[in-house]
Each structure stands twice: as C-alpha cells, then as structure tokens.
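Q: Please give a close account of one sheet in this structure and of what surrounds it. A connected description, with the criteria behind each term, would be appreciated.

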Amino acid sequence: MAERCRVIAVCGHEAAYGRASAELGGPDVIVVPNGRELFRTVVGLSRRGEASCVVPMTLGRDPELVAETARTLRAVPDEERAGTVLAESFGTAQHLVGWLRGAARRVPAADALLVTAPSGGPFEDAELYRVASLVRSYGNHALVEVALTGGDPGLAQGVRRCVSLGAARVVVLPAAFVVPEAPDVPDAQVAVAGPPLACSALRRVLAERAADALRRRHERGDDGIAAGLGAADNHGHHHTHPPGTGHEHAPGHGHAAGHGHDHGHDHPHPQTLGAGHVLRSSA
C-alpha cells in the first residue's frame, strides 16, 4: 500500500458541491463533488503512489451522499483503489444538533433563530425541521424557524415570518457547511452566525474520521466501501412501503433490532459504527 494518505472531502448539497471549499480543510485536503471528479482524483493519487481516505461531507441530512460515494469508489478498478478507504460521514444529525446548540448559546435569547441550509429533497428538508425543533427544545430561544436556501420557505420568507411573530432581531443559524448572506428584508434586523464549526474544529473532525478509517483498514482489512453502499437504507421515499404491502428484502438487508430509529433527543449517546469503532467527536 502507498505510504502517504491524502484526505478527499466529497461534497453534496450541504457543502454546495465543493464550492464552499475554503471552509473544508487545509492544504492536505482535496475537495471534490461526487462522481467523475472523485473518480479521477482517486485514480490520479493512486498512479502517483498516494493512498486516499474519502470522507463524505454530510452533517447527517444526506445519507445518499455516502452511498453514492461508495458506488463511485466501487467503480474504480481494483488495482487503482487498493490504497483507498471510505471513512464514516463527517457528522450525524445528532452532532449537528449539538453544534447548533453551541452556536445558539452565543445568540441572545430574545433574538429569533432562523436555522437554514441548502435545500436537498423532501426527506432531507424535513430532517432540518426536526433538527431545528430539537435546538429549540433544548435551548433558550422561544422562536426558532427554518428556511431553505434554494427551497421553500426561502431565507427572506423565513425572516419575514420571524418578524411577523414578533422578533425584533433575527439571527440566521447555518446548519450546513455553507454560510449564506443576510437577506435584505425591509424593517428587519438580520445577522448571520458563523458555520456550525470553526475551521480548526472542522479540520480536527476530518482528521479523526480519516484516522478511524485507516485504523479500521489496518486492523480488519475493511476499506469501508461495502458499509457505505448501505448507508441510505431506511432513509427516504425509496424505503417506504404502502400499507398492506409486503416488506421483503434480500438477505443481508439488515433490519436488526434497534436499527437506527431516532429517539428525538440529542444528549450524547456514542454512535457505534462497527466493532471497536465509536464516533466520538462533538468538536
């Protein structure tokens, strides 16, 4: 196996498909969208004798990114992905709630919070409402609303709703790697908080994910791709079944007891990701 390992941050809608690259790592991190750019980057590094660790840059709202990244890596010829590992996703929805709660504590309780992120799909957007509800339930802000950049309700609409509900000042709280500009809404005071994680914390989490993935490869010979292919199971419309229809899956689909239904609270439970591997960072 190649000696040097480069971290590749694979970006979906939560990171503007890589356009927010300045916030996603240092000089040793390569930022790409999934698909051809990821494929070419892995192959190029392999041909230069460099190993790679691929980290899907999701905060828990885009499990499809993990599965799609795994499919891209599986398409790389075996001899050119021998030094490649797929890490666990950057974060989970539980991490996101914790990070947003930390950011919210720096905002005066009298202000309204407008939790915002780029629109994904119906299920990804619904998850943002759940995240915002938990931020409100465990925080001190009476008014917490949601807005979607590129979606409905949009950012300006979200600000207007906060104002109509009595907010004197609205603070936009990004729930993604992308920090939007404050919308120009007449008669509204709007401020924008920073990203959920400072650059130093973001780089620390990236390093942890990469270290865990490399340790798993060293100890168990697991490159993470097989697990990544099933990351989107039980998420979204493709896994809903009309009432009264059969629910059969091929062997190995893996409906185990306690297979991941959220319990609606975000006090820290270790997220067990495999034998001997605990997702530990709350940055």
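A: Two strands are taken as paired if DSSP finds at least two bridges between them; strands (E, at least two residues) and helices (H or I, at least four) are DSSP runs, numbered from the N terminus. The model is a predicted one, in which local features need pLDDT of at least 70 and side-chain atom pairs count only at pLDDT 80 or more, while totals for chains, interfaces and linings use all residues. Residues are numbered from 1 along each chain as its sequence is written, and side-chain values use heavy atoms, with hydrogens and water left out.

The sheet chosen here is an open one of four strands, which pair in parallel in the order E6-E5-E7-E8. At its edges stand strand E6 (144-149) and strand E8 (189-192), each of which pairs on one side only. From one strand to the next, the twist averages 30° (axes are lines fitted to C-alpha atoms, for helices over the stretch in contact, and angles between N-to-C directions run from 0 to 180 degrees). At the E8 edge, strand E7 (residues 169-174) runs parallel to E8 and is joined to it by four bridges. Within this pair, Arg169 has Gln189 of E8 as its bridge partner.

Two helices may be considered with this sheet. Helix H4 (residues 122-137) packs on the sheet and touches strand E5 (112-118) and E6, contact being heavy atoms within 4.5 Å. The direction of H4 makes about 150° with that of E6. Helix H5 (residues 155-164), for its part, lies across E5, E6, E7 and E8 and runs at about 165° to E5.

Which residues of H5 are buried? They are Leu155, Gly158, Val159 and Cys162, where buried means under 20% relative accessible area, exposed over 50%, and partly exposed in between (1.4 Å probe, protein chains only). Because these four cover an arc of only 100° around the axis, they lie on the same side of H5; the arc is that of the directions from the helix axis to the C-beta atoms. An α-helix has 3.6 residues a turn, so residues three or four places apart point the same way. The strands against which the buried residues of H5 pack are E5, E6, E7 and E8. Cys162, one of the four, has a relative accessible area of 0%.

In H4, a residue that merits attention is Val135, which is buried with a relative accessible area of 3%. Not counting residues up to four places away in sequence, Val135 touches Val97, Leu100, Arg101, Ala104 and Leu113. Leu100 and Val135 are 35 residues apart along the chain, yet 6.9 Å separates their C-alpha atoms.

The backbone around the sheet also has some less common features. Most residues other than glycine have a negative phi, and most peptide bonds are trans. In this model, the bond between Asp152 and Pro153 is a cis peptide bond with omega of about 5°, and Pro153 sits in the loop between E6 and H5. Just after H5, Gly166 adopts a positive phi of about 105°. Asp187, which is not a glycine, likewise has a positive phi, of about 65°. This residue belongs to the loop between E7 and E8 and, at 80% relative accessibility, counts as exposed.

The elements described so far also contribute to the interior of the model. The largest nonpolar core has 44 residues, such a core being a set of buried Ala, Val, Leu, Ile, Met, Phe, Trp, Tyr and Cys residues joined through side-chain atoms within 4.5 Å. At least two residues of this core come from each of several elements, including E5, H4, E6 and E7, as well as strand E1 (4-11), strand E3 (50-57), helix H3 (93-104) and helix H6 (199-220). Met57 and Phe90 touch the most other members of the core. Leaving aside neighbours within four places in sequence, the residues in contact with Met57 include Phe90, Leu65, Phe177 and Leu206.

A further sheet completes the setting. Another open sheet of four strands, also with parallel pairing, has the order E2-E1-E3-E4. Its edge strands are E2 and strand E4 (84-86), and each of them pairs on one side only. On average, neighbouring strands of this sheet are turned by 25° against each other, direction ignored. E3 and E4 are paired in the parallel sense over three bridges, and Cys53 stands opposite Val85 in E4. Across E1, E2, E3 and E4 lies H6, at about 115° to E4.
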